[in-house]
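This report covers chain contacts, sheets, a helix pair and two backbone details. Have the model open while you read.

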Amino acid sequence: MARIATLARIKLPEAEWEPLANELARILTWMEQLNEVDTSGIAPMTSVAAARLPMREDRVTEGGGREEILANAPRTARGFFVVPKVVE
Amino acid sequence: MSDPSLLALTLAEARDGLARKSFSARELTAAYNDAVSEIEPLNAYITPTPERALEMAGAADRRLAKGNALPLDGIPIAVKDLYCTKGVLTTAASHILDRFCPPYESTVTEKLWHSGAVMLGKTNLDEFAMGSSSTTSFYGPVESPWRRPGDNRPLVPGGSSGGSAAAVAARAAVAATGTDTGGSIRQPASYCGIVGLKPTYGRCSRWGVVAFASSLDHPGPMTRTVRDAAIMLHAMAGHDPRDSTSAPLPVPDFEAALTGDIRGLRVGIPKEYRAEGMSAEIEAIWQQGANWLQGAGADPVEISLPMTKYALPTYYIIAPAEASSNLARYDGVRFGLRVEGDSLDEMYELTRAAGFGPEVRRRILVGTYVLSAGYYDDYYLKAQRVRSLIARDFAAAFERVDCILAPTAPSAAFAIGENSDDPIAMYLNDVFTVPSSLAGLPAISVPAGLSRDGLPVGLQIIGRAFDEETVLRIAYVLESAAQFRQVPSFVAGDRR
Amino acid sequence: MIEGATGPWEAVIGLEVHAQVVSKAKLFSGAATDFGAEPNSQVSLVDAAFPGMLPVINRFCVELAVKTGLGLEAEIRLESVFDRKNYFYPDLPPGYQISQYQQPVVGRGKLTLDMSDGTVREIGITRVHLEQDAGKSLHDQHPSLSYVDLNRAGIALMEIVSEPDLRSAEEAGLYLRKLRSILRYLGTCDGNMEEGSLRCDCNVSMRRPGEPYGTRCEIKNLNSVRYVMQAIEYEGRRQIEILEKGGAIEQQTRLFDVARGITRSMRSKEEAHDYRYFPDPDLLPLVLDPGWVARLRAELPELPDAKKARFVSQYGLSPDDAGVLVAEKETALFFERVATGRDPKAAAHWIMGDLFGALNRFGIGIEASPVSAEQLGALIDLIADGTLSSRLAKDVFAEMVATRAHPASIVEAKGLRQVTDQGEIAAAIDAVLAANSDKFAEYRAGRDKLYGFFVGQIMRATAGKANPALVNRLLKEKLAQ
């Protein structure tokens, strides 16, 4: 549970771990009924749309609106987004 | 004071009234602005936009006066708050999108405005469209305008497009946009006694619609009649080069498909749907629907969709998996809520814990799990294989029939608070809507009757990919036969 | 092979090169890719992952990835898939990178190294795939904050993965130079390592010769050939030291500290990365038309290996010289312009000698050369027709570099034309012998060594312009009289 919550970057109070883990276990068990289905030789569905991937021409049509990009940000400085310091 | 009689008009009637100059767009919009305020107790709207509505109506009036009216000129509609609207708060009913004001307009709403429609406001929904009851919104639950006779407990409008459904049913919008991922247009339409159309995947652009599950999200219309749905879909549909999954196909004249003639069309009745926890009253209405279509000259044929029972678990693997990735962008850096922390990871974790409600968190965790190393093959990949089989079921059925008739939901609306402590019980609401979502097929819910406790029940018509015309043609006949005239206990304009 | 205290070790090295595609717009958005723009000024709503924004692929980027595959003699896969690689980082706005994981657009290929001993070695290419670059986080602007610039976010990269076929830092350097050369010939990547257009991750492990692969460490994000070689050298020594003490190598991601010349483990906690790859549902599989691929193949330019072979056979150059001349596309082009209709060896000699010397002094490339191919050709012509001696030609070349003037006009203006008039030379000889009658007498008495002195005096008297061959012939005749 802790690992999944960390992967998803959601802080869960420890008190919630167990009930949530139980609930997820129930959901996952319910999902496991798919094991009844024989899918040997069946390709996974990659797309609902049957069309070909459309492609764009190599033209600059966007960008240049820094104010627009930054306008909704909770915190900015000197044209940058700002986050707590990252240590590499 | 505005004229409440305007609120009873269908979209087609309002369009004709505007064309005949029986009333102006501003008069119509003013009546609806009042209606929006009046239904506030339902909590159907998160953000009403009355000034903008009047402005847009004024522009429509000028075009109407000049005689160069657009197809939807002056029609006041509501927009599910999952569609980004330029300069107007867009929340997805989530705390995490606090104060988010998009600098862009979704393709579908832009098309609607270019067709002359008027925006009344943004409607409430389940947070990030995850739910079947419109109770998971950060802005509080939506109430259905319906009540069981003699029972004043508030009911859910269905979900996730519950605000749009409630607004249209309570006469606080002529029509509305919804989105359907696993039934989020059709099920609330059924619960609220209106028409809800999920078009074929790729028919309406997803660009600018806050993503829940990319391969399943379908924008579509919610209206009072089948004709209105045809008119709305025409304005909303069309190829969008900004959405790689948008279909490069021309948009047919859907309204012209409403001929009333369904003679010789074969209507599939999937036998497996009977097994999936259906109540006797729903089954009776379903049978009635088949009889009506037969009476109109169609040919009911029993068909088999053997993978039906696996559609729900398949859906509840794929949708959360995609959602867990689609919702990773809500991280407190570029928009929306941010809860500061000492480190970057702490900021992420606090922000996302505070910003997402319990159901969204649950689905993100499930989605993260089914994609994680060691589980991907057993869950996600397995589900995508089963999904192929589900699509095959439909393909085989459509070799024999022209459409499929099924109930929209296994029951009528339930009370707010019911089902909420059991996610799986809640997920079972989607049992009849999810299979066509997984296959990306067009499906419409049409009000067909009342349950024993006096609540609306819808039937759905599922069609071949990109054959919304046949779906609408049959739905139109079903609607005419059903003669559903009941009005919810709470409609705007009633008490004025 | 590296000799350790307990016997020889062999390095096993594989490189993952990230080459920026030379497109004007990004891989999935219409934002610009120019280097050095103001922070966040080349960011589209798609790049910043605003809600509801969707990717649409840039055709040109696909074309260049396919060309790169063709240039590496690789299998082009007509159907490939874009996956999402999920992880959280501030310079990765959507929380996932769109990349190709299971089904890359380019499969197995190869690249040939020309070793210093004259042999060639084939290095396997595992795959080439298209993916998005991330933005840039600046950690040195504020004591407790990092600043994020998304200009790079979404730029198209080709990840070119080699097999673990390289065995030394030197080979890794050769591989990188060769790969860079091929990319530049193809015109798919400008290869500019200073601007980050070409970056390299190195996987390094050590083993006893003949034994299975050891545990590897990955050194991230090296942006020069020199750093790649230094990092591999250091990392190899570090691992040998651990192994010889009986320790075990821990699989790690490491950074190269340029200032100290060492690698160190990345401090960010190595929580087992779980990228949760899955096909991006916003995109469809990328399906290529075989006819289109065939057209790209037909349009492929001549690449370094083929050109080198042709230079050897067509111009009679040595393989070494040909190798030097083909390393850069521009140099090869320059050479062919000079060599056409002239002595190819003279052309190679001048380019690799005086011209490279001048370019190195200025620190510029051949495309910015002060001497054009046409001018250098004219200079070689002046030598061939006897107008200039080799010695004079060197002076003229220096003048050409300094003034950018045509050699003919320099010869004219400075009167540097070689003296070939026999009478004039004979007169100079007579004058020198007359002025040095004592030395002339000594010579006749048997001091042969004075011959050189006479030549020197004659050249001096003619200001160096006398044709040396004529001076020799006439002087010998005179002395023999």
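## Where chain B meets chain A

In this predicted model, 55 residues of chain B are in contact with 38 residues of chain A. Several helices of chain B each supply at least two residues to the side that touches chain A. They are helix 10 (308-326), helix 11 (344-355), helix 12 (358-371), helix 13 (377-397) and helix 14 (423-427). Helix 13 of chain B gives the most, with eleven residues.

What is the chemical make-up of the side of chain B that touches chain A, by class? That side has 31 nonpolar residues, 14 polar residues and ten charged residues.

## Where chain A meets chain C

Chain A also touches chain C: 33 residues of chain A are in contact with 43 residues of chain C. On the chain A side, strand 1 (55-56), helix 3 (66-70) and strand 3 (80-84) each supply at least two residues. Strand 3 of chain A provides the largest share, five residues. By class, the side of chain A that touches chain C holds 17 nonpolar, six polar and ten charged residues.

## A sheet built from two chains

Chains A and C build an open sheet of four strands. The order is 2(A)-3(A)-10(C)-9(C), and the pairing is antiparallel. Strand 2 (76-77) of chain A and strand 9 (136-138) of chain C stand at the edges. Each has a single partner strand, so one side of each is left without a neighbour in the sheet.

Which strands join across the two chains? Strand 3 of chain A and strand 10 (residues 145-149) of chain C run antiparallel and are joined by four bridges. There, A:V82 stands opposite C:Y147 in strand 10 of chain C. Within chain C, three bridges join strand 9 to strand 10, again antiparallel. C:Y147 appears in this pairing too, as the bridge partner of C:L138. C:Y147 therefore has a partner in each chain: A:V82 in chain A and C:L138 in chain C.

## The eleven-strand sheet of chain B

Chain B has an open sheet of eleven strands with mixed pairing. Its order is 1-3-2-4-6-5-10-11-9-7-8. Strand 1 (45-48) and strand 8 (299-303) of chain B are the edge strands, and each pairs on one side only. Neighbouring strands of this sheet are turned by 30° against each other on average, direction ignored.

One pairing in chain B can be followed in detail. Strand 2 (residues 76-80) and strand 4 (residues 175-180) of chain B run parallel, joined by three bridges. B:I77 stands opposite B:A175 in strand 4 of chain B. Elsewhere, helix 16 (residues 468-482) of chain B lies across strand 9 (403-407), strand 10 (443-450) and strand 11 (456-463) of chain B. Helix 16 of chain B runs at about 5° to strand 10 of chain B.

## Domains and a helix pair in chain C

Chain C is divided into domain 1 (2-296), domain 2 (302-414) and domain 3 (422-480). The C-alpha centres of domain 2 and domain 3 of chain C lie 34 Å apart. Their contact takes four residues from domain 2 of chain C and four residues from domain 3 of chain C. On the domain 2 side, the residues divide into one nonpolar, two polar and one charged.

Helix 6 (residues 319-326) and helix 8 (residues 344-362) of chain C pack at an angle of about 60°. Their axes are 11 Å apart. The two helices of chain C are therefore oblique to each other. Their crossing is left-handed. Helix 6 of chain C brings C:D321, C:V324 and C:L325 to the contact, and helix 8 of chain C brings C:A348, C:I351 and C:M352. By class, these residues are five nonpolar, no polar and one charged.

## Two backbone details

Which peptide bond is cis? The bond from B:G159 to B:S160 is, with omega near 10°. B:S160 is found in the loop between strand 3 (118-123) and helix 5 (162-169) of chain B.

In chain A, look at A:R78. A:R78 is not a glycine, yet has a positive phi of about 50°. A:R78 is found in the loop between strand 2 and strand 3 of chain A. Those two strands are neighbours in the sheet shared with chain C.

How values were computed. Residues are numbered from 1 along each chain as its sequence is written. Chains are lettered from A and ligands numbered from 1 in the order in which they are written. This is a predicted model: local features need pLDDT of at least 70, side-chain atom pairs count only at pLDDT 80 or more; totals for chains, interfaces and linings use all residues. Two residues are in contact if their C-beta atoms, placed from the backbone, lie within 7 Å. Ala, Val, Leu, Ile, Met, Phe, Trp, Tyr, Cys and Pro count as nonpolar, Asp, Glu, Lys and Arg as charged, and the others, Gly among them, as polar. Axes are lines fitted to C-alpha atoms, for helices over the stretch in contact, and angles run from 0 to 180 degrees between N-to-C directions. Angles under 35 degrees count as roughly parallel, over 145 as roughly antiparallel, 65 to 115 as roughly perpendicular and the rest as oblique. A crossing is left-handed if the near helix is turned anticlockwise from the far one by less than a right angle, and right-handed if clockwise. Two strands pair if DSSP finds at least two bridges between them. Domain bounds come from an automatic or database domain assignment.
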